[in-house]
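The following note sets out points on the model for a colleague's consideration. They are numbered for ease of reply.

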Amino acid sequence: MAVKIRLARHGAHKAPYYRIVVADSRARRDGRYIEQVGTYNPLTDPKQVTMDLEKIDQWIAQGAKPTETVERLIKDQRQNG
C-alpha cells in the first residue's frame, strides 16, 4: 500500500482550509485518511500552519511520501520553528 502525506480540502466555497493527512494514495482527496497530522490555512496573513513534525517523521520513516506542497510546508515549518 502506497501511503502519502497530502492536503485534504475543507471549508466553504472560496474559503479553503486544509488538513494535512496521511492517506492511501488510492483514496480520494477529501476521502478516508489514516491520520491527521496538521492543518494549513492559506487565507490568514501570515499563513497559519500547524503540524506534528514527530508524527510526520515517523510516517516518512515508514515509507510515506509527502506531496510537493506538503514537503514545502514541512521545510518552511522546520526553518521557522
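**Notes on the predicted model**

1. Strand β4, residues 48–51, has two unlike faces: Val 49 and Met 51 lie on the covered one, while Gln 48 and Thr 50 lie on the uncovered one. The model is a predicted one, and the points below should be read in that light.

2. Strand β3, residues 35–41, runs antiparallel to β4, and four bridges join the pair. Two of the partnerships may be named. Tyr 40 has Val 49 as its bridge partner in β4, and Asn 41 has Gln 48. Val 49 thus belongs to the covered face of β4 and Gln 48 to the uncovered face. The link from β3 to β4 is a hairpin of six residues.

3. The loop between β3 and β4 contains Pro 46. The peptide bond leading from Asp 45 to Pro 46 is cis, and its omega is near 5°. Most peptide bonds are trans, and a reviewer may therefore wish to note this one.

4. What is the order of the strands in the sheet, and is the sheet open or closed? The sheet is open, is made of five strands with mixed pairing, and follows the order β4-β3-β2-β1-β5. Its edge strands are β4 and β5, the latter spanning 65–66, and each of these pairs on one side only.

5. At the β5 edge, strand β1 (residues 3–12) runs parallel to β5, with two bridges between them. Lys 4 has Lys 65 as its bridge partner in β5. Helix α1 packs on the sheet and touches β1, β2 (15–24), β3, β4 and β5. The direction of α1 makes about 125° with that of β3.

6. The pairing of β1 with β2 is antiparallel and comprises 10 bridges. Within this pair, Ile 5 has Val 22 as its bridge partner in β2. The hairpin of β1 and β2 has two residues between the strands.

7. Lys 14 is located in the loop between β1 and β2. Its phi is positive, at about 65°, although the residue is not a glycine. Most residues other than glycine have a negative phi. Is Lys 14 buried or exposed? With a relative accessible area of 70%, Lys 14 lies over the 50% cut-off and is therefore exposed.

8. On its other side, β2 is joined to β3 by five bridges, and these two strands run antiparallel. Tyr 18 has Tyr 40 as its bridge partner in β3, and Val 21 stands opposite Gln 36 in that strand. Tyr 40 is also the residue whose bridge partner in β4 is Val 49.

9. Two of the strands may be considered for their burial. Seven of the 10 residues of β2 are buried, so that the strand is largely enclosed by the rest of the structure. In β3, five of the seven residues are buried, and the strand is mostly covered.

10. Val 22, a residue of strand β2, deserves separate mention. Its relative accessibility is 0%, and Val 22 therefore counts as buried, the cut-off being under 20%. Leaving aside residues up to four places away in sequence, Val 22 touches Val 3, Lys 4, Ile 5, Tyr 33, Ile 34, Glu 35, Val 37 and Trp 59. Ile 5, among these, is the residue that has Val 22 as its bridge partner. The C-alpha atoms of Val 22 and Gly 38 are 9.8 Å apart, with 16 residues of separation in sequence.

11. Helix α1 (residues 53–61) also packs with helix α2 (residues 68–80), at an angle of about 135° and with the axes 12 Å apart. Why are the two helices described as oblique? Angles over 145 degrees count as roughly antiparallel and those from 65 to 115 as roughly perpendicular; the angle of about 135° falls in neither class, and α1 and α2 are therefore oblique to each other. The crossing of α1 past α2 is left-handed.

12. Which residues make the contact of α1 with α2? Leu 53, Ile 56 and Asp 57 of α1 meet Ile 74, Gln 77 and Arg 78 of α2. By class, the residues of this contact are three nonpolar, one polar and two charged.

Conventions. Residues are numbered from 1 along each chain as its sequence is written. This is a predicted model: local features need pLDDT of at least 70, side-chain atom pairs count only at pLDDT 80 or more; totals for chains, interfaces and linings use all residues. Side-chain values use heavy atoms; hydrogens and water are left out. Axes are lines fitted to C-alpha atoms, for helices over the stretch in contact, and angles run from 0 to 180 degrees between N-to-C directions. Angles under 35 degrees count as roughly parallel, over 145 as roughly antiparallel, 65 to 115 as roughly perpendicular and the rest as oblique. A crossing is left-handed if the near helix is turned anticlockwise from the far one by less than a right angle, and right-handed if clockwise. Contact means heavy atoms within 4.5 Å. Ala, Val, Leu, Ile, Met, Phe, Trp, Tyr, Cys and Pro count as nonpolar, Asp, Glu, Lys and Arg as charged, and the others, Gly among them, as polar. Buried means under 20% relative accessible area, exposed over 50%, partly exposed in between (1.4 Å probe, protein chains only). Two strands pair if DSSP finds at least two bridges between them.
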